[in-house]
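Reader: I would like to practise reading a fold with you. Could we go through it feature by feature?

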Amino acid sequence: MAVALDARQRETAQRADGAGMAMRIVARAADLLGAPRLIPIASAHIDGALYHGDSGTLFAEKLVEGGAKVAVRSTLNVGALDLTGCSRDRLPPHERAMARRMMDAYRALGCEPSWTCAPYQAGHRPALGTDVAWGESNAVVFCNSVLGARTNRYGDFLDIACAVAGVAPDHGLHRAENRLASFVFDVSGLDAPFLGSEIAWPVLGSLYGREAGNAVGVVVGIGESPGEDRLKAFGAAAASTGAVGLFHIAGVTPEAPDAETVLGRVGAKQIIRVTAEMVADARMRLSTAERPDRIDAVAIGSPHLSPVEFTELARLLAGRNSAIPFYACTGRHTLAEIERRGLVETFQAAGVTIVADTCVVVTSILPDNVSGVLMTNSGKFAQYAPGNTGYAVLYGSLADCVESAVTGRPVLAQEAR
Amino acid sequence: MSFQAELLVAGESGQGSALVLTAPISFWGGVDPKTGLIADVRHPQHGETIAGRVLFLPGTIGSSSASAVLLELVKNGHAPAAIVMHEPDAILLLGLIVAQEMGWETPVAVRLDTSRFPKRDTGQTRVSESGRITFSGGL
């Protein structure tokens, strides 16, 4: 092996138990990545508990049988089941049983049953500059960009292996030199009302992701911080159209007091000046349904809704009811918060199904509908819903989604040009 | 005709008809984990199966759940007979490493520059445990 293990790591890697298995997986991954050593991590966010097939369940159970336990704080991403009972899935019995066993196994390893793609809304917020091993693309990009902690995009198996071993390959975004921006994404040419609107963030995020690929960029031309919910929407969209693990926004995100600092000595290889036409095209590409005359369902909450977003949803509904199925996806931490505020009954009465612990794009919840049209304000749902659910997508703002749900037909206040 | 390729993940030697992908693929969403069929409708080799083939991969894209799909294919017997890739992809190959930890037999994975990939799917192709690729159908 090319990676240098210290004496204790070497000794662990030779063991036949779960800890040995985890250390070997981390070390062999480090080898494939060309990482010279393993570095300690402060926490993990585990994306591996979403059921894709029986083999993943058997892997987690083998770690449990081997006595493995996570060495650091480890939150769990969504599973395939809503364990809160708020919503019902349509999984066949075998899949449901294996998905449940998988979720149980990850809890037995010592992971927190947070079941959210937005762990940063559930109190898991590592400090600036700390190394962590996070999975789930939107959580990774939020962790790196908004919190300034350091993680690569950890996938299935490696996330839990790092959590058990307490170390990760020293590679990629763990290293300061790889966190500098190589291009500028200049939005200063866009008009202020658009930049102040909710849809600016998922739309610009999807455009940014396509332009960036896996490169790190810095956004310039944003006056003041748009707040965490909008940064969350930008990052999630960017990480679904590109392999984005980290973005900077000059004057907003913690590693970019200004563009010069984060461009470093090398400077920008490319400057992308975003035009209104590019924005219109990016917005159009979020929809796959062209001017549909009806919609069959609305889904919001990718990433999971925050308490603030639920308050906004209640305000927009204004006591009216949805005429079509309406799904609002969130984590159980936020669910508890809106329960305390007595909002759950309000949403139920309005015909809104709250989906907790999971979401409608990763598991089977939406009614089967081969020609269905799903409306969403999420850039990430817009990207993945057609492939994962079969529904065509109509993209609009949260206000558009609510008006469309109430009237039962598509309403777009701001037409895409 | 044969080439020595660089060994990426050691495994069982494999033999099968070559499947040369002409575009990068995302295993998650792109390959059916139950059957090995290429499910991405936008992929040029959509409808072909990777199960039992010597799979030539020009590149991989997309989700970090690729390793989960490959692990599932190994478990249910629909993995490629061997994997030949232009660039090592740690996420995909992790599926093989985990399969070995599970005690399952895995196909050998090697690195070979795309310029040396066959131009089209040839006949029987063999990849030895040491990473030697032998084409019996010519190029």
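Reader: Let me start with a single residue pair: which residue in β7(A) is the bridge partner of Val184(A)?

Author: Glad to help, and please keep in mind that this is a predicted model. The partner in β7(A) is Val218(A). That pair belongs to strands β6 (residues 183–186) and β7 (residues 217–220) of chain A, which run parallel and are joined by four bridges.

Reader: In what order do the strands of the open sheet with β7 and β6 of chain A lie?

Author: To read a sheet, go from pair to pair until you have the order across it. Here the order is β8-β7-β6-β9 in chain A, four strands with parallel pairing. β8 (247–249) and β9 (270–273) of chain A have a single partner strand each, so they stand at the edges, with one side of each left without a neighbour in the sheet. From one strand to the next, the twist averages 20 degrees.

Reader: Which strands of chain A form the open sheet of five?

Author: Use the same approach. The order is β12-β11-β10-β13-β14 in chain A, and the pairing is again parallel. Its edge strands are β12 (352–356) and β14 (392–395) of chain A, each pairing on one side only. On average, neighbouring strands of this sheet are turned by 25 degrees against each other, direction ignored. For a look inside, take strand β10 (residues 297–305) and strand β13 (residues 373–376) of chain A, a parallel pair with two bridges. Within β13(A), Leu374(A) stands opposite Ala297(A).

Reader: Are the faces of strand β2 (residues 43–46) of chain A covered or open?

Author: For this, look at the side chains on each side of the strand in turn. In β2 of chain A, Ser43(A) and His45(A) lie on one side, Ala44(A) and Ile46(A) on the other, and all four are buried, so to read it off: both faces are covered. β2(A) also runs parallel to strand β3 (residues 73–76) of chain A, with four bridges between them. In that pairing, Ile46(A) has Leu76(A) of β3(A) as its bridge partner.

Reader: Stepping back, how many helices and strands does chain A have?

Author: There are 16 helices and 14 strands in chain A. For overall shape, set the radius of gyration against what a compact globule would give. With 417 residues that would be near 22 Å, and the 21 Å of chain A agrees. The C-alpha trace spans about 65 × 55 × 40 Å along its principal axes, and buried residues make up 54% of the chain.

Reader: Which domains does the assignment give for chain A?

Author: The assignment gives domain 1 (7–174), domain 2 (180–284) and domain 3 (289–407). To judge how two domains meet, count the residues in contact on each side. Between domain 1 and domain 3 of chain A, these are 21 and 20 residues respectively. The side of domain 1 that touches domain 3 has eleven nonpolar, seven polar and three charged residues. The C-alpha centres of these two domains lie 28 Å apart.

Reader: And how many residues of chain B are in contact with chain A?

Author: The count is 19 residues of chain B, against 22 residues of chain A. Next, ask which elements supply them. On the chain B side, α2 (66–75) and α3 (90–101) each supply at least two residues, and α3(B) gives the most, with seven. By class, that side of chain B divides into twelve nonpolar, four polar and three charged residues.

Notes:
Residues numbered from 1 in each chain as written. Chains lettered and ligands numbered in written order. Predicted model: local features only at pLDDT ≥ 70, side-chain atom pairs only at ≥ 80, totals over all residues. Contact = placed C-beta atoms within 7 Å. Nonpolar A, V, L, I, M, F, W, Y, C, P; charged D, E, K, R; others polar. Domains from an automatic or database assignment. Pairing = 2+ DSSP bridges. Axes fitted to C-alpha atoms, helices over the stretch in contact; angles between N-to-C directions. Rg over C-alpha atoms; globule rule 2.2 N^0.38 Å. Buried ≥ 20, exposed ≤ 12 C-beta atoms within 10 Å, placed from the backbone.
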